[in-house]
Structure formats: structure tokens, C-alpha cells
Amino acid sequence: MRLVKLDFHVHSNVSDGHFSPEGVLELALRHRLRLLAITDHDAIEGFDRAESRLAERRAAGDDVGELAMLAGVEFSTSLAGDEVHILGYFPRGVPAVVRSFLVEAEHARTGRIREAVETLTRLGYPVKYEEVKRQSPGRTIGRSHLARAMVESGIAMTTADAFRRFLATERGIVPASKSKAEDVVRLIVEHEGLAVLAHPYVEKSDAQVRALVPHGLGGLELYGKKRRGVDQLYLEALAAAHGLVGSAGTDWHGKGKVADFEGLSIGKDKIGPFLEKLGLS
Ligand code: AMP
Ligand code: ZN
Ligand code: FE
Ligand code: FE
């Protein structure tokens, strides 16, 4: 069976990853990936920067193998009171309407974190917005940066501890995204994009897929580091029942600044329909 090396879900420090977009690109080149999508939270700058670096490297005659980049964004949304991440892929580039949507989303993120900082301070855990901002060299700010600031100031032991005690959605300290998943899916498909439900949570996946397919959901993220066994089979059946293609991605963030990125090797039989739908095969 023919394997393709790729990754359609990776974060850079434009959002909450630890590596710059150019750094992620170098790792993808080192591991000879065929296809790469940098999918930052509510931001496209990571793709823009890595893609122009790839073009420069290619123009300079460097060995960049067969690597091609796909434009992608991981949109933060809400659906029936749950936090849902929607991956949007734009094989023909990111239209201006989507870019303006992202500028708004970026402002909304700043607002969410400012509110959370105020709430935490009122609860007796003083954090300053500037300290959170210092954890974020890129465009978008989020809970990961707040978690890192809370570790630095001694409020939490680890970022996982910060999420468990304060930042998990159900704690209600960080306001949920005001973007509705249905609207985001429609925005993507109306602009020649493919909308994919990221890291589906098995227990909620059936209801979420039923809610989003009528709006144009086209795929489910089926293949990654964590999805295995029965869960994987269940999600494959769910995708098949609704005519959804399966995507593949690691959701790599470069945890602890470790350069352990290597993408995924996946059979053409599994990823073929996704590639075809995007005109990439
Ligand atoms: P935000 O974009 O501000 O809603 O934050 C969402 C991001 O926070 C996720 O994509 C992960 O990168 C990170 N995250 C969510 N839950 C946890 C957790 N329990 N531990 C560490 N990081 C988390
Ligand atoms: Zn993240
Ligand atoms: Fe996510
Ligand atoms: Fe992600």
C-alpha cells in the first residue's frame, strides 16, 4: 500500500504553538513531508509566512522535495454549548471575506482573555494581561498563553493544572467563542473551502455531525496520533454514513519547545478521498 507523509493540523507560534511558521516548515522539510497545512487558531498568518518561505527556498534552488502547502485555519466555535473546533481548508487560497472574519475573531480572542484575567484577579488569582501577552509572540492570544502566564506567576503548577482548575470550558472563567459552528461551516464552504470537524469527541460526534452536515460540513478528522481502535472504527462509520471525507492531522504544538514533529504516514486508501476533494491528488 502506498503511504503519503503529511500533516493537515499543525500549530505555529502565530497562535499557541511553540515554533515559528518558518521553523515548522523546516521540520516538515527535514522529515520530507509531501503535504503540510499549518492550521493556527483563528489565524492564517502562519500559512502565509511558511508558504512564502517555501517559495523562496524553491526559487533559490534548495532541495524542498515534493512539499506542497495547503491553506488552513482552525476556527474556534460553539455548538449546543460545547466548544467545537472546525478546520477550514482553502486549496484555492483564502478569500478576503474569510481574512476579515479572522481579524474580528482575533479581537474577540483578546476580549475573552481580558475578561478571564479580570475574573481570575477578582477570584484572588492576580494575572496581568501584559504577562499573558508576553507569552504570545504571534497574532492570536488564547488560553494556552494564559496557562503559561499562570505557571510563570506561580498560580498553577503546570499548564495542564491551569486548564484543569481554571481554564477548561466548563469552568466558565474564559468565555466561549461567540462564533456559531453552523455559521463558520457555511462561511468556509461558501468560499470554496472544505470544512472538517477537528478531533471529534466520540460521545458527541454523532449529534455534532448531524447538526453540521446540513450546513456543508465535508469532513471528519479521522486520523491522528490519539485516535485508535474502536473509536477510529466508529468515526470511520460515522463519516461514511454522512458522505464525509477523512482528514489526517497531529494537532502538533511543539509541547515544551520539543522539535518532535514528524507528521503522519498514511495510506492513499485512507486519505485519497480528502485529497481528491481538495484537488490535491
Ligand atoms: P483557545 O484557543 O483559547 O480556546 O484555547 C484552546 C487551546 O488550548 C487548544 O487548542 C489547546 O491547544 C489548548 N488546550 C485545551 N485544553 C487543554 C488542556 N487540558 N491542557 C493543555 N492545553 C489545552
Ligand atoms: Zn492550540
Ligand atoms: Fe483544536
Ligand atoms: Fe489544534
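This is a walk through the metal sites, the bound ligand and a few single residues of a predicted model.

Because the structure is a prediction, local features need pLDDT of at least 70 and side-chain atom pairs count only at pLDDT 80 or more, while totals for chains, interfaces and linings use all residues. Residues are numbered from 1 along each chain as its sequence is written, chains are lettered from A and ligands numbered from 1 in the order in which they are written, and side-chain values use heavy atoms, with hydrogens and water left out.

Let's start with the metals. The iron ion (ligand 3) is held by Glu-74 (OE), His-85 (ND1) and His-199 (NE2), at 2.0 to 2.2 Å. Donors here are N, O and S atoms within 2.8 Å of the metal (3.2 Å for Na, K and Ca), and since water is not among the atoms, sites may look incomplete. Along the chain, the donor residues of this iron ion follow the spacing E-x10-H-x113-H. Glu-74 sits in strand S4 (residues 71-79) and His-85 in strand S5 (residues 82-90), so this pair ties together parts that are 11 residues apart in sequence. Helices (H or I, at least four residues) and strands (E, at least two) are DSSP runs, numbered from the N terminus. Glu-74 and His-85 are both buried; buried means under 20% relative accessible area, exposed over 50%, and partly exposed in between, using a 1.4 Å probe and protein chains only.

Now move 5.7 Å from the iron ion (ligand 3) to reach the zinc ion (ligand 2). What coordinates the zinc ion (ligand 2)? Its donors come from Asp-16 (OD, listed twice), His-41 (NE2) and His-253 (NE2), at 2.0 to 2.5 Å. In sequence, the spacing of the zinc donors is D-x24-H-x211-H. Asp-16 and His-41 link distant parts of the chain, 25 residues apart: Asp-16 belongs to the loop between strand S1 (3-10) and helix H1 (21-30), and His-41 to the loop between strand S2 (35-38) and helix H2 (45-59). Asp-16 and His-41 are both buried.

A further iron ion (ligand 4) lies 4.5 Å from the zinc ion (ligand 2). His-9 (NE2), His-11 (NE2), Glu-74 (OE) and Asp-251 (OD) coordinate the iron ion (ligand 4), at 2.0 to 2.2 Å. Glu-74 is thus a residue to look at twice, as it is also listed as a donor to the iron ion (ligand 3). The angles among the 4 donor atoms of ligand 4 run from 80 to 166°, and the site is irregular. To read that word, note that four donors count as tetrahedral if all angles lie between 85 and 135 degrees; four count as square planar and six as octahedral if opposite donors are over 155 degrees apart and all others between 65 and 115; anything else is irregular. Are His-9 and His-11 buried or exposed? His-9 counts as buried because its relative accessibility is 0%, and His-11 counts as buried because its value is 0%.

Next comes ligand 1. Its surrounding residues include Asp-16, His-41, Glu-83, His-85, Arg-109 and His-253, where a residue is near a molecule if one of its heavy atoms lies within 4 Å of it. S5, helix H3 (96-122) and helix H5 (143-152) each supply at least two residues of this shell. An oxygen atom of ligand 1 is 2.8 Å from a side-chain N or O atom of Arg-109, and an oxygen atom of ligand 1 is 3.0 Å from one in the side chain of His-253. Taken alone, ligand 1 exposes 500 Å², and the protein buries 71% of that; accessible areas come from the Shrake-Rupley method with a 1.4 Å probe, and for residues only the protein chains shown count as cover.

Finally, visit some single residues. Thr-77 is in strand S4 and counts as buried because its relative accessibility is 1%. The side chain of Thr-77 reaches the backbone oxygen of Val-84 at 2.8 Å. Ala-80, in the loop between S4 and S5, counts as exposed because its relative accessibility is 77%. Ala-80 has a positive phi of about 50° although it is not a glycine. Arg-171 lies in the loop between helix H6 (159-167) and helix H7 (181-190), and its 47% relative accessibility is why Arg-171 counts as partly exposed.

Conventions
A polar contact is a pair of N or O atoms within 3.5 Å; within protein, one must be able to donate a hydrogen and the other to accept it, and residues adjacent in sequence count only if both atoms are side-chain atoms.
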